[in-house]
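Trainee: I'm new to this one. Could you walk me through it?

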Amino acid sequence: MENLRRPGQPASKNRSPLDDLEFFQVVASSETLTAASRELGCSLPVVSKRLSALERRLDVRLVQRGARRLVLTSEGELYAARVATILDQVRELEDSITDRSGGLRGSLIVEATLGLGRSHIAPLLGEFAQAHPELHVRLQTSALPLRPHRREFDVAVHVGAPPDSSLRMRRLAENRRVPCASPSYLARHGTPTSIEDLAGHDCIVLRENESDFALWRFGDTAGTRHIRVRGSLSSNDGDVVTGWALEGRGIIMRSEWHVGPHLDRGELVHVLPDVPTPAADIYALTEDDAHVPQRVSRLIDFLAARLPRRLNRRQETYGLL
């Protein structure tokens, strides 16, 4: 094994081992060292120098050099896993102290999809942070699929079936996806009367997660059907997709929480209202650890209580009650 410690070079006297553990957890969960430097709020040379110093202290390579994406060595993988365990134990200790003091402390990283995160999760997190001023809350919004193996979040708010069965999940709110179009589009192209009719329409596809974007599913627990749609427009941004539908450019399949206000105002029309669509409920996802920090459980309780009220869903109209 390559010796990384320079002869006679002492370990840093100004940095605690816990600092190094937290530093490496950020590095291990990042796609690149550049991404890690952004996360840590320092320059790439500083991160690279600190990583090299850590490797010299441990006398082992943790990260492969030269790769376009950050790749951990086998020793780096082992170190990252043990680091996560140790930091979880530290946070558990902090939580036990927090329980006695009555307030929430520490940090929370919350991940959500772009639209839901902006419209509903962000305002709720603002309220939660205001109620707990010693807690640092960070929201990450993304159109990319969750990557639970990288431990990038404390809580993820996810629409639809969770992508990883190893995650602990709690349903926050009921939701379904609704096919809809503007009155102007339907006036020009006609209103579909069956699922098969969708094949002859301009359908605007939302490219999210890693699913088959153009395969639209219908049905319920009694059975499901699907059809492959097509059209000239697609995007990974739900607001863009809805905007095109409002302009009369095609039919969309969007979450009820998102299009409900447009349906209420008549700006969009529910297509095939008698054909059910599978549930796409909203879940809070966390690591399936034995210990769930109090700040995490309290946030999930808060979201479960407040999110359904914010969504103001038309449950009776879509048969969710």
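What follows is a short chat about confidence, helix packing, cores and backbone angles.

Mentor: Ground rules: this is a predicted model, where local features need pLDDT of at least 70, side-chain atom pairs count only at pLDDT 80 or more, and totals for chains, interfaces and linings use all residues. Residues are numbered from 1 along each chain as its sequence is written, and side-chain values use heavy atoms, with hydrogens and water left out.

Trainee: What pLDDT does the protein chain average?

Mentor: pLDDT is the predictor's confidence in each residue, from 0 to 100. Here 82% of the residues score at least 70, and the chain's average is 83.

Trainee: Over which residues does pLDDT stay under 50, with 18 contacts beyond four places in sequence?

Mentor: Where pLDDT is low, the predicted coordinates should not be read in detail. A contact means heavy atoms within 4.5 Å. The stretch with those 18 contacts and a pLDDT under 50 is residues 1–13.

Trainee: How are helix 2 and helix 3 oriented to each other?

Mentor: Helices (H or I, at least four residues) and strands (E, at least two) are DSSP runs, numbered from the N terminus. Axes are lines fitted to C-alpha atoms, for helices over the stretch in contact, and angles run from 0 to 180 degrees between N-to-C directions. Helix 2 and helix 3 (residues 44–58) pack with axes 9 Å apart, at an angle of about 105°. Angles of 65 to 115 degrees count as roughly perpendicular, so helix 2 is to helix 3 roughly perpendicular.

Trainee: Which helix gives the most to the largest nonpolar core?

Mentor: Such a core is a set of buried (under 20% relative accessible area, 1.4 Å probe, protein chains only) Ala, Val, Leu, Ile, Met, Phe, Trp, Tyr and Cys residues joined through side-chain atoms within 4.5 Å. The largest has 27 residues, with Leu116 and Leu172 among those with the most contacts inside it. Strand 1 (106–112) and helix 5 (114–131) are among the elements that each supply at least two residues. With eight residues, the top contributor is helix 9.

Trainee: Is leucine 272 buried or exposed?

Mentor: Leucine 272 is in the loop between strand 11 (269–270) and strand 12. Its phi is positive, about 55°, although it is not a glycine. The relative accessible area of leucine 272 is 5%, so it counts as buried.

Trainee: And where is aspartate 59 found?

Mentor: Aspartate 59 also isn't a glycine, yet has a positive phi of about 60°. Aspartate 59 is found in the loop between helix 3 and helix 4 (74–101).

Definitions and conventions
Parallel < 35°, antiparallel > 145°, perpendicular 65-115°, else oblique. Buried < 20%, exposed > 50% of the residue type's maximum accessible area, 1.4 Å probe, protein only.
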